[in-house]
Amino acid sequence: MAEEAAQEQRSPDPTRSVRCIVKLGGAAITNKGELESINENNLRSACAQLRQAMSESNSDGAPEKVLGMDWSRKRGDSADPAVDAEWITGMAGLGLETNFIVVHGAGSFGHFQASRSGVHKGGLHSTLVKAGFVATRISVTSLNQEIVRALARGIQNSLLCPLLCAVGPSIVITRLPVGTSDEKNHGTAYSFAEGIPSVGMSPFACGWTTKQRKLASSNTSQIIQSLHAGFVPVLHGDAVLDELLDCTILSGDVIIRHLAQLLSPKYVVFLVLLPSLLCCGFKSFCHLWKMTDVHGVYDRPPTEPDAVLLREIEVDEDGRWSIVKPVLLQGNNNKGVEISVASHDTTGGMETKILEAAVIARLGIDVYITKAGTDHSLRALKGDVSTDTEDWLGTVIRSSR
Ligand SMILES: Nc1ncnc2c1ncn2[C@@H]1O[C@H](COP(=O)(O)OP(=O)(O)OP(=O)(O)O)[C@@H](O)[C@H]1O
Ligand SMILES: C=C(C)CCOP(=O)(O)O
């Protein structure tokens, strides 16, 4: 059904234009063990790498002008943002190749509200489910707004913000290597500036629906038009209406797969991150924490001893997948991939990710799953990944054709 819808909406132009669809994993950009808590460092680094990957100049580390686009006041700011409209009008352009789509997961936003009320199981006649639907959407859309702001921002969310706000923030800034700051002619030189023309889009509000949890309708015209207009759409996993269940939760991983089927990007990137949480739940429910680095897909939950990072997985024309690298011992290979899913996760965790990634790979689109905030994630976002050498850390899922 979803595939048919994708065929119907496919048009020759957009299929060629999208370079990358990226999933900012909820585990990467939020602190999954703490309710509604953003992992600022990880979010900042993901946004900075996205800018680098989009940058037309490729001048890594060299100062460049960045136009901050978050012109709202944040709570606690003492001054209005100063917008140098004349200077901005004179800018030649953004210097960015903006043909990216960002989809983010919910992490510690949304999953909690959804699992507590059972939104993923449906039944809107129940007051609890109805309230949970509203609560889930409030939570996940507030995360979406923070991510859009982080991508667009000039000087928000910084350690120096109070100081800069006191002198009046400026919207045009000079980008410096991370960790430096300075005064420049048209504003404050600043290291956390992305200036990505990002626009938030909620699947629920765009009319996306499911039938028995499977995508049933998905209006993507707004997404395609926004791409053509030079914006970077930022979607998210959402609570949606379901034709049979009344409502459910639509995962960002499913959204990515659908968009990939429709728009044929050159490659798809899933950014995952530490910490990996064994025995999940929020602090009060969590009996056992175990942190470990997660660089991609492992042959078993990465918290288990001797878990092996799977570097290359091939998917054949029938959708069957096999581990190509490393060559595992017979015993391990028989077991395939073992996955643990957090108890509060309403969308299937890593299992959903791998299944959806395999569907994408079957189309001939390479999928890179790697740890956010590393050289490996930057290379993945630039599409610069090879499994011929061992120097890229992550999992590539590709077609065997
Ligand atoms: N075999 C496995 N290989 C890799 N990760 C695994 C495996 N089994 C379980 N995991 C867990 O899956 C987690 C990633 O899945 P999760 O769904 O939390 O990611 P996410 O997409 O970032 O989250 P969200 O759904 O909130 O966006 C890892 O942190 C890891 O602990
Ligand atoms: C509202 C919710 C819980 C969205 C879930 O999306 P995901 O984290 O991408 O699986």
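Okay, let's start right at the ligand: a polar side-chain atom of Thr347 sits 2.5 Å from an oxygen atom of ligand 2. Keep in mind that this is a predicted model.

Thr347 has company. In the side chain of Ser251, an N or O atom is 2.9 Å from an oxygen atom of ligand 2. Then there's Lys23, with a polar side-chain atom 3.2 Å from a ligand 2 oxygen.

So how much of ligand 2 does the protein cover? On its own, ligand 2 has 320 Å² of accessible area, and the protein covers 96% of that.

Now, who's in the shell? There are 13 residues around ligand 2, and the ones that come nearest are Ala106, His111, Ser251, Gly252 and Thr347. By class, the shell splits into nine polar residues, two charged and two nonpolar.

Okay, on to the helices. Gly252, which we just met by the ligand, is also where helix H10 begins, as H10 covers residues 252–263. Its partner here is H12, residues 349–362. When you describe two packed helices, you give the angle between their axes and the distance between the axes. For this pair, the axes come within 9 Å and cross at roughly 5°. Angles under 35 degrees count as roughly parallel, so H10 is roughly parallel to H12.

And which residues make that contact? From H10, it's Asp253, Val254, Ile256, Arg257, Ala260 and Gln261. H12 brings Gly349, Thr352, Lys353, Glu356, Val359 and Ile360. The mix in the contact of H10 with H12 is five nonpolar, four charged and three polar.

That's what I have, thanks.

Key
Residues are numbered from 1 along each chain as its sequence is written. Chains are lettered from A and ligands numbered from 1 in the order in which they are written. This is a predicted model: local features need pLDDT of at least 70, side-chain atom pairs count only at pLDDT 80 or more; totals for chains, interfaces and linings use all residues. Side-chain values use heavy atoms; hydrogens and water are left out. A residue is near a molecule or strand if one of its heavy atoms lies within 4 Å of it. A polar contact is a pair of N or O atoms within 3.5 Å; within protein, one must be able to donate a hydrogen and the other to accept it, and residues adjacent in sequence count only if both atoms are side-chain atoms. Accessible areas come from the Shrake-Rupley method with a 1.4 Å probe; for residues, only the protein chains shown count as cover. Ala, Val, Leu, Ile, Met, Phe, Trp, Tyr, Cys and Pro count as nonpolar, Asp, Glu, Lys and Arg as charged, and the others, Gly among them, as polar. Axes are lines fitted to C-alpha atoms, for helices over the stretch in contact, and angles run from 0 to 180 degrees between N-to-C directions. Helices (H or I, at least four residues) and strands (E, at least two) are DSSP runs, numbered from the N terminus. Angles under 35 degrees count as roughly parallel, over 145 as roughly antiparallel, 65 to 115 as roughly perpendicular and the rest as oblique. Contact means heavy atoms within 4.5 Å.
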